[in-house]
Amino acid sequence: MSSVKEYKCLSCKAGLEFHPPTQNWKCNYCFSEFTKEQLDDAYQQEESKTPEEDNLELDSYKCTSCGAELIADGTTSATFCLYCKSPTIIKSRFSGKFKPKNLIPFRLTQEEARDIYKEWIGKRRFVPDEFKGKREIDKITGIYAPFWLFDCHVEGVIDGEGTMVSSWSDGEYRYTNTKYYRVFRRGNAEYHKVPVDASKKLDDKFMHLIEPYNYEDLKDFSMQYMSGFMAEKRTVETDAMGEQLKEQVNKYATRLLDDSVSGYNIVDSKNVDIDMLDTKWDYVLLPVWVLTYISNGKIYYYALNGQTGKAVGELPVNKPKLILFAVIIFLVFFLIVVLIGGLLI
Ligand SMILES: [Zn+2]
Ligand SMILES: [Zn+2]
């Protein structure tokens, strides 16, 4: 049994790709389209078998269409054959503990992603021209990025002392009245589907900026959705993030409780107790269109939320263009000054 998977057209046997506008699978050769149910029926038997062990040392896989060696590094889970462009899925990287629970399917097609990029880059004046070229724009790639979705219920208690001070004067003496109160607050908060980047490969900064995703679109994971996209395997486990997240939740919950106490001159929270209960982590894949480019040895990213179209990116600035712009401004300024100067004489 092959360790890679390719969903083939049920009519002509060419590779099938997921088609975002219809949320079905489409053949690029005979243009047949298939629903999830049709693919489930056709591939059901095969998928119930357990995949072979993944050999992480070798990372050698063969395309089922043309037999060429597939180029896939240690975390690539879905890719394309370099030679025949067939969409290919490395089955073992979606199995066992690496089987995602859910995913959000792509809503934007590559054409739509390109158009959004073109509009974005068009507004940027000082960008080197090669970033606006078709060759660059065509490189935009749909990637299923691994994420953890975090859920928990937080219960917090603060127990402390509040001090109220009032003072007045009768002309002769100054009186100060200090009252002490026990301050007790109990509160709870829900964290629901907080996304945490589970890949070291994709830049956290960009992933945060293209959030939020609409989780109503979450579907049960199926390898079929990977067909026609790249996918990454997670490289971050939850225990690595637990402490950091706990700290954040603690800080946030303490602040919420503190903010609920008012009317005192001084509040001394003697006891703060924050409990995280029912903590749950779900492994999911989220759709991103990504464009990377290298300029002067630095990697620049453009990332686009594959569901909502929210985009973020950074670009190198073209120095000669900037200088030209400055020179033009200077010339215009100079001309105006000269003109005004001329009028004054
Ligand atoms: Zn076909
Ligand atoms: Zn091939």
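In this predicted model, Lys85 is a good place to begin, since at 53% relative accessibility Lys85 counts as exposed, the cut-off for that word being over 50%. Lys85 sits in the loop between strand 7 and strand 8, and its phi is near 65°, a positive value in a residue other than glycine. In that loop, between strand 7 (76–80) and strand 8 (87–90), we also find Ser86. Is Ser86 buried or exposed? Ser86 has a relative accessible area of 9% and is therefore buried, because buried means under 20%. If residues up to four places away in sequence are left aside, Ser86 touches Glu6, Cys63, Ser65, Thr79, Phe80 and Cys81.

With these two residues in mind, we can step back to the protein chain as a whole. The protein chain contains 6 helices and 16 strands, and of its 345 residues 41% count as buried. The accessible surface of the chain comes to about 20,000 Å², and 54% of that surface belongs to carbon and sulfur atoms. When we consider the contacts between residues at least 6 apart in sequence, we find that 70% of them join residues at least 24 apart.

We turn next to the metal site. Which residues are the protein donors of the zinc ion (ligand 1)? They are Cys9, Cys12, Cys27 and Cys30, each of them through its SG atom, and they lie 2.2 to 2.3 Å from the zinc ion. Along the sequence, the spacing of these donor residues follows the pattern C-x2-C-x14-C-x2-C. The angles among the 4 donor atoms run from 101 to 117°, and the site is tetrahedral. For comparison, the ideal angle for four tetrahedral donors is 109.5 degrees. Two of the donor residues can also be described by their accessibility: Cys9, at 0% relative accessibility, counts as buried, whereas Cys12, at 35%, counts as partly exposed.

One of the zinc donors, Cys27, brings us to a sheet, for strand 3 covers residues 24–27. This open sheet has 3 strands in the order 2-3-4, with antiparallel pairing. Its edge strands are strand 2 (16–19) and strand 4 (33–34), each of which pairs on one side only. As a general point, the strands of a sheet pair through backbone hydrogen bonds, and they may do so in a parallel or an antiparallel way. Here, strand 3 and strand 4 run antiparallel and are joined by 2 bridges, and the bridge partner of Lys26 in strand 4 is Glu33. The loop between strand 2 and strand 3 holds Gln23, which has a positive phi of about 60° although it is not a glycine. Gln23 is buried, with a relative accessible area of 17%.

The backbone has another feature to look for further along the chain, in the loop between helix 4 (204–209) and strand 12 (219–220), where Pro212 has its place. The peptide bond that leads from Glu211 to Pro212 is cis, with omega near 5°.

Finally, we come to the aromatic rings, among which a search of the whole structure finds 22 pairs. One of these aromatic pairs is formed by Trp148 and Trp281, whose arrangement is edge-to-face, with 6.2 Å from centre to centre and 80° between the planes. Because Trp148 lies in strand 10 (residues 141–169) and Trp281 in strand 14 (residues 266–295), this pair ties together parts that are 133 residues apart in sequence. Trp148 counts as buried at 7% relative accessibility, while Trp281 counts as partly exposed at 21%. How do the rings of Phe150 and Tyr191 lie? Their centres are 6.4 Å apart and their planes stand at 55°, so the pair is tilted. This pair, too, links distant parts of the chain, with Phe150 in strand 10 and Tyr191 in strand 11 (residues 174–197), 41 residues apart. Both Phe150 and Tyr191 are buried. Ring pairs also link Phe18, Trp25, Phe106, Tyr144, Tyr225, Phe229 and Trp289 into a cluster.

Technical notes. Residues numbered from 1 in each chain as written. Chains lettered and ligands numbered in written order. Predicted model: local features only at pLDDT ≥ 70, side-chain atom pairs only at ≥ 80, totals over all residues. Heavy atoms only, no water. Donors = N, O, S within 2.8 Å, 3.2 Å for Na, K, Ca; no water. Tetrahedral: all angles 85-135°; square planar, octahedral: opposite > 155°, others 65-115°. Buried < 20%, exposed > 50% of the residue type's maximum accessible area, 1.4 Å probe, protein only. Helix = DSSP H or I, 4+ residues; strand = E, 2+ residues; numbered from the N terminus. Contact = heavy atoms within 4.5 Å. Areas by Shrake-Rupley, 256 points an atom, 1.4 Å probe, with all protein chains shown as cover. Pairing = 2+ DSSP bridges. Phe/Tyr/Trp six-rings, centres within 6.5 Å; stacked < 30°, edge-to-face > 60°.
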